[in-house]
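Dear colleague,

Please find the structure below, handed over for your records. My findings follow it.

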2 protein chains.
Amino acid sequence: MTQPDRDAALNALKSLIGQRLSTSKSDLDLHGQSESYFPVTPPDVVAYPDNTEEVAQIVSICATHRLPVVGWGTGTSLEGHALAVRGGVVVDFSRMNRVLEVRPEDMDVSVQPGITREALNEELRATGLFFPVDPGANASIGGMAATRASGTTAVRYGTMRDNVLGLEVVLADGRVMRTGTRARKSAAGYDLTALMIGSEGTLGLITELTLRLHGQPEAISAGVCAFSDMGSAVRAVTDVIQMGLPMARIEFVDAATAAAVNAYSGMAFPLKPHLLVEFHGSDSAVAEQAETFGEIVAEHGAEGFDWATRAEDRNKLWTMRHNAYYAILASRKGTRAVVTDICVPISRLAEAVEATQQDIAASAIPGPILGHVGDGNFHAILLVDEANPSEIAEAKALSHRMVERALALGGTATGEHGVGMGKLDYMEAEHGVGWPVMGDIKRALDPLNILNPGKLVPPSN
Amino acid sequence: MTQPDRDAALNALKSLIGQRLSTSKSDLDLHGQSESYFPVTPPDVVAYPDNTEEVAQIVSICATHRLPVVGWGTGTSLEGHALAVRGGVVVDFSRMNRVLEVRPEDMDVSVQPGITREALNEELRATGLFFPVDPGANASIGGMAATRASGTTAVRYGTMRDNVLGLEVVLADGRVMRTGTRARKSAAGYDLTALMIGSEGTLGLITELTLRLHGQPEAISAGVCAFSDMGSAVRAVTDVIQMGLPMARIEFVDAATAAAVNAYSGMAFPLKPHLLVEFHGSDSAVAEQAETFGEIVAEHGAEGFDWATRAEDRNKLWTMRHNAYYAILASRKGTRAVVTDICVPISRLAEAVEATQQDIAASAIPGPILGHVGDGNFHAILLVDEANPSEIAEAKALSHRMVERALALGGTATGEHGVGMGKLDYMEAEHGVGWPVMGDIKRALDPLNILNPGKLVPPSN
């Protein structure tokens with residue numbers, strides 16, 4: 001294959017976007033970082049396009065000169081998705097961050113990929129609508145789509161898969177494709193929207209999204225309670241799901257996470273496993289659901305049930321949950337995190353969590369556990385000294401056994417963080433024949449392998 | 001390309017499944033029919049496999065001898081999906097119709113593709129769970145997945161896209177691929193499940209499905225009311241959706257449909273547009289929702305509101321709705337139907353329906369309208385004398401203008417019936433760049449073009 005002609009490509013890019021092509025060391029370093037344990041990997045250049053046409057031309061230039069091109073939202077992904085591991089151009093979407101059109105009657109909105117979920121919801125506030133997907137980090141909507149993100153509200157509102165109606169995508173040859181329509185459903189051919197959601201920039205760069213919105217709930221009630229052990233908490237949630245109680249969020253944190261949160265946020269949670277729950281609906285429905293929930297968890301030994309009906313108390317509760325990752329990181333100075341993300345059928349969740357806890361307890365590194373118990377998805381945050389290769393090796397071995405356990409239980413290596421580089425080694429075990437099929441699709445849509453090479457598909461690509 | 005070696009293929013198939021390979025004229029004719037206006041197109045043979053391994057071997061034989069292979073469920077599709085337009089083997093899944101495993105704790109079930117939705121729900125009855133997708137016809141689950149079916153309950157429970165967790169698929173070279181897991185969500189690579197849902201047998205044959213189940217509602221309430229005009233009915237529904245009222249079904253029939261139903265089912269509906277609605281939930285929630293619904297539609301001039309809380313009355317109501325297609329067919333003797341299926345953003349539904357009604361009124365053929373108003377999806381059933389080419393031409397012209405209107409309003413040519421042959425001509429207009437991309441995917445996964453050739457993708461395939 002032709003070798004990349006880096007200099008020719010950079011000259012062409014410079015002519016296209018001038019000052020918005022950056023080669024400053026600080027900028028390259030910033031776009032070579034990730035929030036996880038991967039080494040810093042700066043790209044050759046960072047491009048800041050203003051519109052779809054520029055993105056299309058950037059990709060065309062990269063195609064002509066065989067240069068890798070990698071999308072960048074806010075850099076909050078956990079599996080090294082946005083690292084330019086073969087060099088090339090990082091396309092930073094931070095200037096493409098506008099709400100293009102809100103259509104309250106249709107409960108949808110069109111946005112550019114660089115807008116963050118918090119900025120979007122701020123702009124939607126007056127409409128009575130909101131975008132519910134909440135991965136914790138204030139990620140960009142484009143990045144959330146590219147990694148098929150979900151988070152605390154997926155149990156009620158679904159993941160990015162369920163909340164994107166259509167996309168505009170720049171393909172590997174620079175063509176601009178629009179997928180989906182603004183209709184609520186369609187049976188018109190292959191679901192290219194779903195194919196792009198979770199493709200991690202390996203099939204195209206998302207330049208516009210049409211999102212499904214939801215009505216802001218009339219009433220919200222949130223609560224927290226402690227359990228003597230993890231199994232009881234999980235069994236309580238299983239019962240609540242079986243009852244059909246529509247929880248908007250149902251989160252689990254273990255005793256180690258409670259301790260980290262206490263230290264970081266000045267809280268005083270008992271050092272036990274906790275459930276955090278939230279209901280959305282009418283005043284009467286929310287009150288009824290909270291009561292039923294309280295009765296069910298009490299049967300499983302829940303203690304100290306505390307309801308937060310005031311917005312201020314609720315915000316405190318979820319800020320605490322969202323900061324749990326940072327609280328855990330802060331609980332051991334100078335460490336990086338190997339973050340795990342397995343998801344299993346609900347019926348196997350208790351055993352998956354308990355086996356993981358035992359495994360971590362027998363290791364030399366700390367690994368608090370927290371997760372989205374309503375989806376069967378949880379994370380162990382394995383804290384490693386990045387200067388200590390044996391700790392990184394131990395964390396990877398723990399992570400490896402977690403994935404093996406998840407697959408044996410009928411689950412997945414990654415519930416919401418995606419593949420990137422960190423989960424590449426498990427794709428064959430999880431997908432079998434499906435993995436080379438993903439490679440076939442990649443080759444069909446990106447024959448030159450310029451779109452985020454080294455991620456997601458078999459390495460031969 | 002190598003020419004199909006029909007005789008060699010048939011001999012190999014005969015050795016494989018013996019008596020379960022049929023060449024009887026009646027069987028071939030039966031599998032050459034559709035429920036719509038397409039001419040009878042018998043295949044060369046019909047195969048009745050018993051298991052996945054046999055399906056894989058059938059496809060391998062077809063690959064070796066370049067013979068087309070087309071899946072068949074119950075033959076209820078409306079766009080000619082299962083017609084072997086280039087000859088070859090129809091694979092009839094009627095013997096692969098078992099429930100493989102129900103897992104009530106995880107609220108999921110694994111089934112073979114030949115089971116019908118009614119048979120599945122019959123088997124689930126004692127579990128307290130049900131599979132909600134309801135296209136009206138008692139279709140096979142495999143066929144419903146292949147066409148991305150939906151129907152009356154999609155407004156609450158989603159389409160097949162939302163209710164299939166994973167698939168087993170026989171690929172074009174005979175390999176068996178498993179997609180998805182039993183976890184509720186996953187971010188592990190391309191969404192091959194979603195890619196297969198709605199691929200209409202052009203990328204693989206579905207041999208097993210894992211489906212998401214839902215709790216049977218504690219209470220159900222259904223009702224029907226009349227409106228003076230279609231616009232009022234649609235505006236009423238828009239208001240109800242904006243209120244966030246969780247309707248389980250919300251259906252629309254026009255005055256012509258009401259007349260056909262009266263004649264066919266011995267009902268006495270006023271000859272006006274009607275809404276049919278259903279709520280699922282707790283006793284108190286359903287009662288509250290029904291009351292709120294009644295208030296909102298009354299503001300839009302709804303008349304003669306009639307609530308059916310007894311199961312018997314509800315069944316009568318929905319049987320009537322499900323039989324509406326046959327009632328309409330029976331309203332003009334000796335006719336076939338050209339069925340349309342556009343879906344538009346809710347805000348544009350009233351104008352789409354009204355423009356369609358005017359267009360049909362100005363034509364020489366009848367075309368009652370009914371649809372899934374909560375999704376923005378409706379059907380005009382254009383009744384044509386199949387011996388009269390000018391009627392078929394007029395119906396196709398009406399259908400063509402409906403699709404043009406839908407696309408101009410930001411909608412789709414097909415909300416739930418799929419592409420098959422009937423909507424092939426609109427794919428380029430709807431998808432633009434996306435259509436050749438679908439062709440690229442098809443070529444990557446079925447390079448010999450043996451899987452349901454002549455459907456869905458660009459004809460060069």
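Two strands are taken to pair if DSSP finds at least two bridges between them. Helices (H or I, at least four residues) and strands (E, at least two) are DSSP runs, numbered from the N terminus. With these terms, Ala222(A) stands opposite Ala308(A) in E15(A).

The model is predicted: local features need pLDDT of at least 70, side-chain atom pairs count only at pLDDT 80 or more, and totals for chains, interfaces and linings use all residues. Residues are numbered from 1 along each chain as its sequence is written, while chains are lettered from A and ligands numbered from 1 in the order in which they are written.

The sheet in chain A. Strand E12 (residues 219-226) pairs with E15(A) in the antiparallel sense over 4 bridges. Both belong to an open sheet of 7 strands with antiparallel pairing, in the order E15-E12-E14-E13-E17-E18-E16 (chain A). Strands E15 (303-308) and E16 (336-339) of chain A stand at its edges with a single partner strand each, so one side of each is left without a neighbour in the sheet. On average, neighbouring strands of this sheet are turned by 20° against each other, direction ignored (axes are lines fitted to C-alpha atoms).

The two chains. A turn of 180° and a shift of 0.0 Å along the axis lay chain B on chain A with an RMSD of 0.0 Å (least-squares superposition on the C-alpha atoms of residues with pLDDT of at least 70 in both). The two copies are thus related as by a two-fold rotation axis. The same surface serves both copies, as 100% of the contact residues of chain B recur in chain A (contact: C-beta atoms, placed from the backbone, within 7 Å).

The contact takes 69 residues from chain A and 69 residues from chain B. On the side of chain B that touches chain A, H17(B) gives the most, with 8 residues.

The interior. The largest nonpolar core (buried Ala, Val, Leu, Ile, Met, Phe, Trp, Tyr and Cys residues joined through C-beta atoms within 7 Å) has 292 residues, and those with the most contacts inside it are Val91(A) and Val91(B). Not counting residues up to four places away in sequence, Val91(A) touches nine residues' worth of neighbours, among them Trp72(A) and Leu205(A).Ala260(B) lies in helix H10 (residues 255-265) of chain B. Ala260(B) counts as buried because it has 27 C-beta neighbours inside 10 Å (buried: 20 or more other C-beta atoms, placed from the backbone, within 10 Å). Leaving aside neighbours within four places in sequence, Ala260(B) is in contact with Ala327(B), Ile328(B), Ser331(B) and Pro368(B).

Yours sincerely

Methods: Two residues are in contact if their C-beta atoms, placed from the backbone, lie within 7 Å. Axes are lines fitted to C-alpha atoms, for helices over the stretch in contact, and angles run from 0 to 180 degrees between N-to-C directions. A residue is buried if 20 or more other C-beta atoms lie within 10 Å of its own, exposed if 12 or fewer, and partly exposed in between; C-beta atoms are placed from the backbone.
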